[in-house]
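Student: I have a model in front of me and no idea where to start. Could we go through it together?

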Amino acid sequence: MEVEHPGNLRNDHYQPTQIESSTRFATRCHPDANAICEELDAFFAQHWPWSDQKAREDFLKADLNRWTCWVYPLARSDRIFDIAKLITALFLLDDVAEETSFEDGKALYKRIISIAQGKVQPDRNKPIEWITYDVWAGMRSVDEALTESLFQNVLLCVRAQVDEARNRCTGMRALLDQRYKESGAGLVAAAMAYAMDLHLTPAELASISHIEDSYSKLAIIVNDIESYEKEIRSFERNQAEGGKTLNMVQMQA
């Protein structure tokens with residue numbers, strides 16, 4: 001598929017720095033963000049197996065690759081590209097899983113996990129497979145230890161997304177426990193370690209666990225509020241088991 005333009009780079013972007021901050025924290029974005037978004041928008045627009053042209057256009061409008069550049073503004077320039085590529089692929093893979101039953105989703109992730117581990121060679125005619133293989137293999141060649149730590153957190157996240165335990169969350173505590181696993185809070189932290197080349201000891205990780213806990217709860221609350229209507233529309237449209245809504249807003253209603 002020929003790419004008509006490199007994504008959202010030519011459009012105006014929301015810039016948090018344009019408004020006065022209500023906190024002491026300053027917003028930052030990775031200095032290579034435009035170049036990263038241009039290349040990855042074009043890559044995914046061309047190679048990902050979009051269901052239709054509208055899905056492809058919606059991806060470009062969402063400017064998804066820029067999210068990673070906002071989250072990791074201090075990432076090393078030689079590592080931010082791989083992290084952005086991986087996280088975008090995971091977001092898109094989650095969308096695919098939402099269109100399936102739990103059993104089909106489990107089968108999909110079982111194969112993808114084996115490919116990511118390098119245990120199974122990808123089918124080069126299937127973009128989801130070769131993109132997964134290439135990004136993980138490339139990251140392991142850079143830093144095997146931090147890549148493995150990141151992989152274990154990704155494993156927790158993707159397995160939770162197709163876990164039937166989602167249907168058994170009857171209270172807020174159970175919901176938060178499940179949403180912590182599937183929201184990827186640990187993934188975000190592990191990706192930061194890789195992106196910034198941070199090798200922390202177990203004691204150092206334990207010392208900041210309360211920060212990760214606070215972040216994860218805040219992220220879940222914001223995500224559930226902002227995505228609730230989209231999740232409802234998606235499930236009503238497809239009625240797929242993997243897309244069944246597990247959302248704090250719905251539980252509190």
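Here is a short dialogue on how to read this structure.

Student: What should I check before anything else?

Tutor: Check where the model comes from. This one is predicted. Then look at the confidence score. The protein averages a pLDDT of 83, and 86% of the residues score at least 70.

Student: Which elements have the lowest and the highest mean pLDDT?

Tutor: Helix 12, residues 248-252, has the lowest, at 70. Helix 6 has the highest, at 97. Watch residues 1-12 as well. Their pLDDT is below 50. In the model, that stretch has 26 contacts beyond near neighbours in sequence.

Student: How many helices and strands are there?

Tutor: There are 12 helices and zero strands. Of the 253 residues, 42% are buried. Now take contacts with a separation of 6 or more. Residues 24 or more positions apart account for 70% of them.

Student: How do I check a helix by its length?

Tutor: Use a rise of 1.5 Å a residue. Helix 9 covers residues 185-196, which is 12 residues, so it should span 16 Å. Its end C-alpha atoms are 17 Å apart, which agrees.

Student: Is helix 9 mostly covered or mostly open?

Tutor: Mostly covered. Nine of its 12 residues are buried. Among them are Leu187, Val188 and Tyr194. Here is the general idea for reading such a list. An α-helix has 3.6 residues a turn, so residues three or four places apart point the same way.

Student: What comes just after helix 9?

Tutor: Aspartate 197, with a positive phi of about 60°. It is not a glycine. Aspartate 197 lies in the loop between helix 9 and helix 10. Its relative accessible area is 27%, so aspartate 197 is partly exposed.

Student: Which other aspartate has a positive phi although it is not a glycine?

Tutor: Aspartate 63, at about 55°. It sits in the loop between helix 2 and helix 3. Aspartate 63 is buried, because its relative accessible area is 9% and the cut-off is under 20%.

Student: How do I describe a pair of aromatic rings?

Tutor: A pair of aromatic rings is described by the distance of the centres and the angle of the planes.

Student: How many aromatic pairs does a search of the whole structure find?

Tutor: Seven. Take phenylalanine 43 and phenylalanine 44. Their ring centres are 5.2 Å apart and their planes meet at 90°, so the pair is edge-to-face. Both residues are buried. Next, take phenylalanine 44 and phenylalanine 59. Their centres are 6.1 Å apart and the planes are at 65°, so this pair is edge-to-face.

Student: Why does the pair of phenylalanine 44 and phenylalanine 59 tie parts together?

Tutor: Look at where each one sits. Phenylalanine 44 lies in helix 1 and phenylalanine 59 in helix 2, so the pair ties together parts that are 15 residues apart in sequence. Both phenylalanine 44 and phenylalanine 59 are buried. Ring pairs also build a cluster. It links Phe43, Phe44, Trp48, Trp50, Phe59 and Trp130.

Student: What sits over the ring of phenylalanine 43?

Tutor: The charged end of lysine 85, 4.2 Å from the ring centre. Tyrosine 194 has a charge over its ring too. There, the charged end of arginine 79 sits 4.9 Å from the centre.

Student: Which residues does aspartate 143 touch?

Tutor: Leave out residues up to four places away in sequence. Aspartate 143 then touches Arg79, Tyr194, Asp197 and His199. It lies in the loop between helix 6 and helix 7. At 8% relative accessibility, aspartate 143 counts as buried. Its side chain reaches the backbone nitrogen of alanine 145 at 3.4 Å.

Student: Can you give me one last loop to read?

Tutor: Try aspartate 78, in the loop between helix 3 and helix 4. It is partly exposed, with a relative accessible area of 48%. Its side chain makes a polar contact with the side chain of arginine 76, at 2.7 Å. Now compare chain and space. Aspartate 78 and alanine 195 are 117 residues apart along the chain, and their C-alpha atoms are separated by 8.5 Å.

Key
Residues are numbered from 1 along each chain as its sequence is written. This is a predicted model: local features need pLDDT of at least 70, side-chain atom pairs count only at pLDDT 80 or more; totals for chains, interfaces and linings use all residues. Side-chain values use heavy atoms; hydrogens and water are left out. Helices (H or I, at least four residues) and strands (E, at least two) are DSSP runs, numbered from the N terminus. The expected span of a helix is 1.5 Å times one less than its number of residues. Buried means under 20% relative accessible area, exposed over 50%, partly exposed in between (1.4 Å probe, protein chains only). Rings of Phe, Tyr and Trp (its six-membered ring) pair if their centres lie within 6.5 Å; planes under 30 degrees apart count as stacked, over 60 as edge-to-face and the rest as tilted. A charge sits over a ring if NZ of Lys or CZ of Arg is within 6 Å of the ring centre and within 35 degrees of the ring normal. A polar contact is a pair of N or O atoms within 3.5 Å; within protein, one must be able to donate a hydrogen and the other to accept it, and residues adjacent in sequence count only if both atoms are side-chain atoms. Contact means heavy atoms within 4.5 Å. pLDDT is the predictor's confidence in each residue, from 0 to 100.
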